[in-house]
Amino acid sequence: MDKRLVILVYNPRRFTYVVKRLRKRGISYYIPDKVEYVSREDIVYTDSKDVYMLLSKKGVKVLYDPSGNDMVLEKAILLSKGKDEYFEVSIGIDPGERHTVAVIADGELVDYALDLDEDDVLRLINKVVDTYPTKHVVVKIGKGVNGLDLALYLARNMEQNITMEIIDEHGSSPSSEWRNPFIDRIIGKSKTGIAQAKKKDIYAAIMIALKSGIVVENIVEDYAAKE
């Protein structure tokens, strides 16, 4: 059973960022008028040492984050769901002249980005690794326009040892006749109002993230030799 996620952040900039991040993912949260309204069953995320000390003494689970670390926020989110980490985080990339990325953690859309270049994609992958506690991270790239080029670039520049797969994009884009209801439900949870024109790109990136493909390690050397 999910627990209530309580936000007690007093730095205005950090508060705005946290609320925006939670809304983007459709995550419910509670902002009490008084600290006394927090119960022992709650999960609390705060930047206040005084709040941390007060509630910890009362037996409340408090995540204290004075520096604004996204992984600490993510740990609070996980604890509110009764988890310590995700089983798998899958980063789906719909390639093109500019790339669309969707990050799926245990079937949930936890982040997405549009109109990225190669360096943007690399930075986002690094951010995902630094943010989401997980047993396994996999990067999945559609083999469409510039897909293999992007895979080769990432293989050469990623510092982390992350599994990468090339995915057959057939059926990844929604058609007028049929849409995957599971993916529509994932997209529908986002509260930021994704523009209709962009939903198709995000849909494709999510589909890629959910598919299985060919491990890049098995094809990169052959592809590089042809350059």
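Student: In E8, which residue is the bridge partner of Lys-140?

Tutor: Happy to start there, and keep in mind that this is a predicted model. Lys-140 belongs to strand E7, residues 137-142. Strand E7 is joined to strand E8 (residues 163-167) by five bridges, and the two run parallel. Within E8, the bridge partner of Lys-140 is Glu-165.

Student: And in E7, which residue is the bridge partner of Val-89?

Tutor: Look at strand E4, which spans residues 89-94. E4 pairs with E7 in the parallel sense over five bridges. In E7, the partner of Val-89 is Val-137.

Student: How many of the residues of E7 are buried?

Tutor: Let's take one side at a time. Val-137, Val-139 and Ile-141 are buried on one side. Val-138, Lys-140 and Gly-142 are buried on the other, so both faces are covered by the under 20% relative accessible area cut-off. The count for E7 is therefore six of six.

Student: Is Pro-133, in the loop between H4 and E7, buried or exposed?

Tutor: Good residue to pick. Setting aside neighbours within four places in sequence, Pro-133 is in contact with Met-71, Glu-74, Lys-75, Leu-78, Asp-84, Glu-85 and Tyr-86. Its relative accessible area is 11%. Since the cut-off for burial is under 20%, Pro-133 counts as buried.

Student: How far apart in space are Pro-133 and Asp-84, C-alpha to C-alpha?

Tutor: Asp-84 is one of the contacts of Pro-133. In sequence the two are 49 residues apart. In space, their C-alpha atoms are separated by 7.7 Å.

Student: Which residue caps the N-terminal end of H3?

Tutor: Helix H3 covers residues 70-80, and eight of its eleven residues are buried. What covers those buried residues includes E1, helix H1 (12-24), E2, E3 and H4. At the N-terminal end, a side-chain oxygen lies 2.8 Å from the backbone nitrogen of Met-71, and that oxygen belongs to Asn-69.

Student: Which residue with a positive phi follows H3?

Tutor: We have just met the N-terminal end of H3, so now move past residue 80, where the helix stops. The residue to find there has a phi near 80°. That residue is Gly-82.

Student: What length does helix H4 reach from its first C-alpha to its last?

Tutor: H4 runs over residues 118-131, giving 14 residues. At the start of H4, a side-chain oxygen of Asp-117 reaches to within 3.1 Å of the backbone nitrogen of Asp-119. The buried residues of H4 are Val-121, Leu-122, Leu-124, Ile-125, Val-128 and Thr-131. At 1.5 Å a residue the expected span is 20 Å, and H4 comes close to this, reaching 20 Å.

Student: What is the strand order in the open sheet of three strands?

Tutor: Begin at the edges: strand E1 (5-8) and strand E3 (61-64) each pair on one side only. Four bridges join E1 to strand E2 (residues 43-46), and these two run parallel. One bridge puts Leu-8 opposite its partner in E2, Thr-46. The order is E1-E2-E3.

Student: At about what angle to E3 does helix H2 run?

Tutor: H2 takes in residues 49-57. This helix lies across E1, E2 and E3. Relative to E3, H2 runs at about 160°.

Student: What percentage of the 227 residues in the protein chain is buried?

Tutor: Let's finish with the whole chain, whose secondary structure comes to eight helices and nine strands. Its accessible surface is about 12300 Å², with 48% belonging to carbon and sulfur atoms. Of the 227 residues, the buried share is 46%.

Methods:
Residues are numbered from 1 along each chain as its sequence is written. This is a predicted model: local features need pLDDT of at least 70, side-chain atom pairs count only at pLDDT 80 or more; totals for chains, interfaces and linings use all residues. Side-chain values use heavy atoms; hydrogens and water are left out. Two strands pair if DSSP finds at least two bridges between them. Contact means heavy atoms within 4.5 Å. Axes are lines fitted to C-alpha atoms, for helices over the stretch in contact, and angles run from 0 to 180 degrees between N-to-C directions. Buried means under 20% relative accessible area, exposed over 50%, partly exposed in between (1.4 Å probe, protein chains only). Accessible areas come from the Shrake-Rupley method with a 1.4 Å probe; for residues, only the protein chains shown count as cover. The expected span of a helix is 1.5 Å times one less than its number of residues. A polar contact is a pair of N or O atoms within 3.5 Å; within protein, one must be able to donate a hydrogen and the other to accept it, and residues adjacent in sequence count only if both atoms are side-chain atoms.
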